[in-house]
Each structure stands twice: as structure tokens, then as C-alpha cells.
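Here is a short note to read alongside the model. The points run from one residue outward to cores and helix packing.

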Amino acid sequence: MQKHTKVYFDFFGYDKSDTILCEMCSAVAVDIHHLEKRNKTKNDFVENLIAVCRDCHIKAETDSCFNSYCRIQHLQVVCEQVYALINLNKKLDAIRKNKN
């Protein structure tokens with residue numbers, strides 16, 4: 001598994017056997033796309049990685065407006081994941097406090 005794919009899978013808690021959906025159209029994702037070209041950033045951070053189907057990947061690479069829209073949509077997904085993790089940690093902390 002490539003480093004950027006591992007970063008994406010680890011952040012969202014995916015396993016190799018999971019079916020990942022395209023964040024743009026909900027078809028089956030086949031690629032993890034770098035929203036900002038890899039050679040510019042050299043960073044595989046989750047904010048720069050989006051799961052996309054082949055059609056959306058091609059469109060993101062050829063249409064800068066669509067790529068920008070992908071970035072906006074993806075950042076919303078990342079924020080939702082972060083908020084979910086924060087809420088989970090709050091619940092776990094409350095459970096731990098109740099046990100003591």
C-alpha cells in the first residue's frame with residue numbers, strides 16, 4: 001500500500017477489504033487523489049488526500065474549479081471525522097470518570 005493511501009485509510013479507519021466510496025459522487029473509489037500535486041507539497045497529509053472514482057479523478061486533474069470544489073467537500077468530510085473523534089473521546093472520558 002502506498003504511503004498516501006495508508007495515511008488516508010488510517011485517518012478514516014478503513015481496512016484494505018473495505019469498499020471506499022468516491023467523496024464526490026458516491027461511486028466506488030479507485031484512487032486516493034492528491035488535491036495539491038504531490039511534487040509541490042511532498043506531504044501526504046489527510047487534508048490533501050481524497051478518495052475518488054476514476055471519472056472524478058480525471059475531472060479533478062483536468063478541471064481546476066472541480067479540484068477546488070473537491071477540496072472544499074473533502075475538508076468538510078475531514079472536519080466531520082475530527083468532530084466525531086472528539087465526541088467519542090468525550091464519551092470515553094465520561095465513562096472512565098463514572099468508573100472511578
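Does Phe9 count as buried or exposed?

1. This is a predicted model, so read every value below as computed from it. Phe9 counts as buried, because its relative accessibility is 11% and the cut-off for buried is under 20%.

2. Phe9 pairs with Tyr14. The ring centres are 5.9 Å apart and the planes stand at 70 degrees, so the pair is edge-to-face; the threshold for that class is over 60. The partner sits in another accessibility class: Tyr14 is partly exposed, at 31% relative accessible area.

3. The pair belongs to a wider aromatic group. Tyr8, Phe9, Phe11, Phe12 and Tyr14 are linked by ring pairs into a cluster. The count of aromatic pairs comes to five.

4. Now the largest nonpolar core. Ten residues make it up: Tyr8, Phe9, Phe12, Ile20, Ala29, Ile32, Val46, Leu49, Ala51 and Val78. Helix H1 (3-12) and strand S2 (49-52) each supply at least two of them. H1 gives the largest share, three residues.

5. Ile20 deserves a look within this core. Setting aside residues up to four places away in sequence, Ile20 touches Tyr8, Phe9, Tyr14, Ala27, Val28, Ala29 and Ala51. Both Phe9 and Tyr14, the edge-to-face pair, are among these contacts.

6. There is also a second, separate core. This one has nine residues, including Cys22, Ile50, Cys56 and Ala60.

7. Which residues does Cys70 contact beyond its neighbours within four places in sequence? They are Met24, Leu35, Ile50 and Ala60. Ile50 and Ala60 are also members of the second core. Cys70 lies in helix H4. Cys70 is buried, because its relative accessible area is 0% and buried means under 20%. Its C-alpha is 9.4 Å from that of Val52, with the two positions 18 residues apart in sequence numbering.

8. Next, the helix pair. Helix H3 (residues 54-62) packs on helix H4 (residues 64-99) at about 115 degrees, and the axes are 5 Å apart. The crossing of H3 past H4 is left-handed.

9. The residues at this contact can be named. From H3 come Cys56, Lys59, Ala60 and Thr62; from H4 come Ser64, Phe66, Asn67 and Cys70. By class, the contact holds four nonpolar, three polar and one charged residues. Two of the H3 residues here, Cys56 and Ala60, also appear in the second core. The buried Cys70 is on the H4 side of the contact.

Technical notes: Residues numbered from 1 in each chain as written. Predicted model: local features only at pLDDT ≥ 70, side-chain atom pairs only at ≥ 80, totals over all residues. Heavy atoms only, no water. Axes fitted to C-alpha atoms, helices over the stretch in contact; angles between N-to-C directions. Helix = DSSP H or I, 4+ residues; strand = E, 2+ residues; numbered from the N terminus. Left-handed = near helix turned anticlockwise from the far one by under 90°. Contact = heavy atoms within 4.5 Å. Nonpolar A, V, L, I, M, F, W, Y, C, P; charged D, E, K, R; others polar. Core = buried A, V, L, I, M, F, W, Y, C linked by side-chain atoms within 4.5 Å. Buried < 20%, exposed > 50% of the residue type's maximum accessible area, 1.4 Å probe, protein only. Phe/Tyr/Trp six-rings, centres within 6.5 Å; stacked < 30°, edge-to-face > 60°.
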